[in-house]
Amino acid sequence: YTVTAAKGTKTAPLADFLDIKAATPGAAAVLAARELADQVAVLTSNRSGVVTLFVTEKDPQIAAQVTMNILRELDAYSSSSRKEQAVAERKFVEGLVAESRQKLGDAEEQIAIFRQKNREIQSSPQLTIEDDQLTRDADIAQQDYAALEASYQQARIDEVRNLSAIKVVEFPDVPVEPQRREAVRQTLIGLVTGILAGIVLAFMR
């Protein structure tokens, strides 16, 4: 984290700016995260689906940087989760395509064998019916294969593109005037139940 003041610019771990002392940097980071838990609030709009993130800190520069880092972590988590899902879907559809291709090959082979054995199909109503049935089976297999192949190509595209479900509408800024911490705290308490549900739905989308 970096803070610019009249005395100059200081870059240090967050725990240093929060005046947290610990035996190890890892322990200091854990304590800093615990302290931030009481300083972060989330407000979800049921109408627009927009999630607003508030971070309350003594230094507005630290508050803005903490907010940005939270957004980055959420974006990374969202991208990683959707990437794993896209890979799993691609592998699943790939298996269906292979199975469908085999069925199509079997259907076409059955037509070929049937027509090779029965060269006078048109003269026999029964053979005509059987040939029509085999042809319909092959047509259905062809349609299924074409649909699955299209799904497979789309799954391959989804696998390599940016799949983050989070879009930042407005990036965090440094407030000109201090915000009342108690007002933010009351907002968080009043909406905490709805926030949890809102976050789950947002990731499911």
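Start by colouring this predicted model by confidence: among the elements of the protein, helix H5 (residues 181–204) has the lowest mean pLDDT, 39, and H4 has the highest, 93.

**Stop 1: the tail end**

Select residues 181–205. The pLDDT stays under 50 along this stretch, and the model gives it 21 contacts beyond four places in sequence. Where pLDDT is low, the predicted coordinates should not be read in detail. Hide this part if it gets in your way. For the protein as a whole, pLDDT averages 80, and 82% of the residues score at least 70.

**Stop 2: the whole chain**

Zoom out and switch to cartoon. You should be able to count five helices and four strands. Walking from the N terminus, the order is β-β-α-α-β-β-α-α-α. Now put a surface on. The accessible area comes to about 14,600 Å², with 56% of that belonging to carbon and sulfur atoms. Of the 205 residues in the protein, 25% are buried.

**Stop 3: two hairpins**

Select residues 2–11. Strand S1 (residues 2–5) and strand S2 (residues 8–11) run antiparallel, joined by four bridges. Two residues sit between the strands of this hairpin. Click on Thr2 and look across to S2, where its bridge partner is Thr11.

Next, select residues 40–55. Here strand S3 (residues 40–44) pairs with strand S4 (residues 51–55), again antiparallel, over five bridges. Pick out Leu43, and you'll find Thr52 of S4 standing opposite. This hairpin has six residues between its strands, and Gly49 takes a positive phi near 80 degrees.

**Stop 4: helix H3**

Select residues 60–117. That's H3, 58 residues, reaching 85 Å from its first C-alpha to its last, close to the 86 Å expected at 1.5 Å a residue. At its N-terminal end, show the side chain of Asp59. This residue caps H3, with a side-chain oxygen 2.8 Å from the backbone nitrogen of Gln61.

**Stop 5: helix H4 against H3**

Add residues 125–160. H4 has 36 residues and reaches 53 Å from first C-alpha to last, close to an expected 52 Å. Show side chains for its buried residues, including Leu127, Leu134, Ala138, Ala141, Tyr145 and Tyr152. What do the buried residues of H4 pack against? Keep H3 on screen and you have the partner: they pack against H3. As you follow the row of side chains, keep the helix geometry in mind: an α-helix has 3.6 residues a turn, so residues three or four places apart point the same way.

**Stop 6: Ser100**

Centre on Ser100, in helix H3. Buried or exposed? Ser100 has a relative accessible area of 7%, under the 20% cut-off, so this serine counts as buried. Leaving aside neighbours within four places in sequence, Ser100 is in contact with Ala141, Asp144, Tyr145 and Leu148. Draw a distance from a polar atom of the Ser100 side chain to the backbone nitrogen of Tyr145, and you should get 3.3 Å.

**Stop 7: Glu149**

Last pick: Glu149, in helix H4. Its C-alpha is separated from that of Ser100 by 9.2 Å, although the two residues are 49 apart along the chain. Glu149 counts as partly exposed because its relative accessibility is 24%, which falls between the 20% and 50% cut-offs. Show Gln153 too: the side chains of Glu149 and Gln153 make a polar contact at 2.8 Å.

Terms used:
Residues numbered from 1 in each chain as written. Heavy atoms only, no water. Expected span 1.5 Å × (residues − 1). Polar contact = N/O pair within 3.5 Å; in protein donor to acceptor, adjacent residues only side chain to side chain. Buried < 20%, exposed > 50% of the residue type's maximum accessible area, 1.4 Å probe, protein only. Areas by Shrake-Rupley, 256 points an atom, 1.4 Å probe, with all protein chains shown as cover. Pairing = 2+ DSSP bridges. Contact = heavy atoms within 4.5 Å. pLDDT = per-residue confidence, 0-100.
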